[in-house]
Amino acid sequence: MAEYDDGKKVPTNRISRVGMFGSVVTKVATNMAAEGAKQLIAGKRPKAKDLLLTPKNISNITDQLAQLRGAAMKVGQLLSMDAGDALPKELTDILARLRSDAAPMPAKQLADVLASEWGTDWQKHFLSFKFKPIAAASIGQVHFAYDDDGSERAVKVQYPGVKKSISSDVDNVVTLLRLTGLVPKEVDYKSLLEEAKKQLHAEADYQLEAEHAKVFGELLKGDERFAVPSINDALTTSSILTMSYEQGDQIENLGDLPDTQKTELVSNLFTLLFREVFHFQRVQTDPNFANYLYQRETGKIVLLDFGATRLYSDTISQGYQKLLTSAMHNDTEGVADAMSQIGFFSEHIFPEQKDAVVNLVMTACEPLRHNGPYDFGHSDLAKRIHDAGMALSTEQGYWHTPPVDALFLHRKIGGLYLLAARLGVSVDLPELFAPFAWESESELAKVVAN
């Protein structure tokens, strides 16, 4: 079975992982000195940032973080949620590469993990097990197998050492990014990073993910729009998740699909999100397109990954119900009140900063205020959100981090906006959201009446 032997070994202990962080900092410093000397000889007076952000340095940082996998790759997603488009383009490029360039672990290391989790006779459970992964991501890689009764299985195997090193990796990644100047000094990530550690520990518990998958399977039972893989409990551990193999096309590669089907697909995902937030109060918050497959024959959307599932309190769920309902009716005062309930504003916010934050949210909610289908494919909404976010952080000087539940939810909404734009569809969000709108407050009832 072990015919595949590619990829770099994942460092499994804290000392080796810390050593890799030190190594990349040393390489970056050496490259900066060499580049600086070269430019001085040429009669130039280079800036430190220009010396730092050379292709060679960016490549070194990316390669080292990719080899570490785990938190080293995942923390960047949280950084981008907070600082958003205020992050330098170079860091954005690094994070994009980290999301797509995960290298698989070598076959021998994989075999060691399987033996450790399932026992040395683990092969008895399978008719065949393909050692070459069908997908490799930040925390684990996925393999195709036939179990002993001939059923097709997808087996997600966690990289060794990820669980034990989450806390130190998160701290070291941010230290590295600060030392290399790629994170704005003004941003305080302390609370966000603590939440990042909690979230990563949850994502690294595959038995917890299996439970989330089973709950979603029950919640969506009978809904012909979605398919959830079934879990094989006997072959699932905290580091291995075994489930039914579901076929389908990558969801962002459906450009040839008829417009009506693409619109229906995206509309179904928005409706699912509304159900998650307002009915289930359980949201799969990772917007990665790889978490979905589309079955052309049935029109079903396969939901693949539940590791980033978060439970939402009544305060947050109802707060967003009020926020989106107010935004749909262009009620900025109602939006501001709902944002206060959610916890958007710090105690020391100035009125002009609060207005700017509310205006940013109103901009982001533009598709909800639009009369009829909103054309995501030809909208410049992403640029306007970017510009408003930059103005808020640089001109208004407001860096308050809203609750992490809000950040994760915004990340999911942003992912759906991006998918809608990628597929070039027009979606009637007011129509989709209407069944979930908040109606129990007299103020909003009056707005609706008018």
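This is a short talk about one protein chain, its core and two of its helix pairs.

Hi everyone, thanks for coming. Please keep in mind throughout that this is a predicted model.

Let's start with the whole chain. It has 450 residues, and 52% of them count as buried. The program assigns 18 helices and 13 strands to the chain. If you take the contacts with a separation of 6 or more, 72% of them join residues that sit 24 or more positions apart. On the outside, the chain exposes about 20,700 Å², with carbon and sulfur atoms supplying 51% of that area.

Now let's go inside. As many of you know, nonpolar side chains tend to be buried together in soluble globular proteins. Here, the largest nonpolar core contains 95 residues, and Phe129 and Leu323 have the most contacts inside it. Which helix gives the most to this core? That is α10, residues 259–280, with 10 residues.

So who does α10 pack against? One partner is α11, residues 314–328: the two axes are 8 Å apart, at an angle of about 130°. That angle makes α10 oblique to α11. If you have the structure open, look for Phe274, Val277 and Phe278 on the α10 side, which meet Ser317, Tyr320, Gln321 and Leu324 on the α11 side. By class, this contact has 5 nonpolar and 2 polar residues, with no charged residues.

Let's move along to a second pair, α12 (residues 332–342) and α13 (residues 351–364). Their axes come within 10 Å and cross at roughly 105°. These helices are therefore roughly perpendicular to each other. From α12, the contact uses Thr332, Val335, Ala336, Met339 and Ser340, while α13 brings Lys354, Val357, Val358, Val361 and Met362. Sorted by class, the contact of α12 with α13 has 7 nonpolar, 2 polar and 1 charged residues.

Before I stop, let me zoom in on one residue, Gln318, which is found in α11. Is Gln318 buried, partly exposed or exposed? Its relative accessible area is 31%, so Gln318 is partly exposed, since buried would need under 20% and exposed over 50%. What does Gln318 touch, leaving aside its neighbours within four places in sequence? Gln318 is in contact with Gln341 and Trp438. Another residue to find on your screen is Gln281: Gln318 and Gln281 are 37 residues apart in sequence, and their C-alpha atoms are 9.8 Å apart in space.

That's my tour, and I'm happy to go back to any of these spots with you. Thanks!

Notes: Residues numbered from 1 in each chain as written. Predicted model: local features only at pLDDT ≥ 70, side-chain atom pairs only at ≥ 80, totals over all residues. Heavy atoms only, no water. Helix = DSSP H or I, 4+ residues; strand = E, 2+ residues; numbered from the N terminus. Buried < 20%, exposed > 50% of the residue type's maximum accessible area, 1.4 Å probe, protein only. Contact = heavy atoms within 4.5 Å. Areas by Shrake-Rupley, 256 points an atom, 1.4 Å probe, with all protein chains shown as cover. Core = buried A, V, L, I, M, F, W, Y, C linked by side-chain atoms within 4.5 Å. Axes fitted to C-alpha atoms, helices over the stretch in contact; angles between N-to-C directions. Parallel < 35°, antiparallel > 145°, perpendicular 65-115°, else oblique. Nonpolar A, V, L, I, M, F, W, Y, C, P; charged D, E, K, R; others polar.
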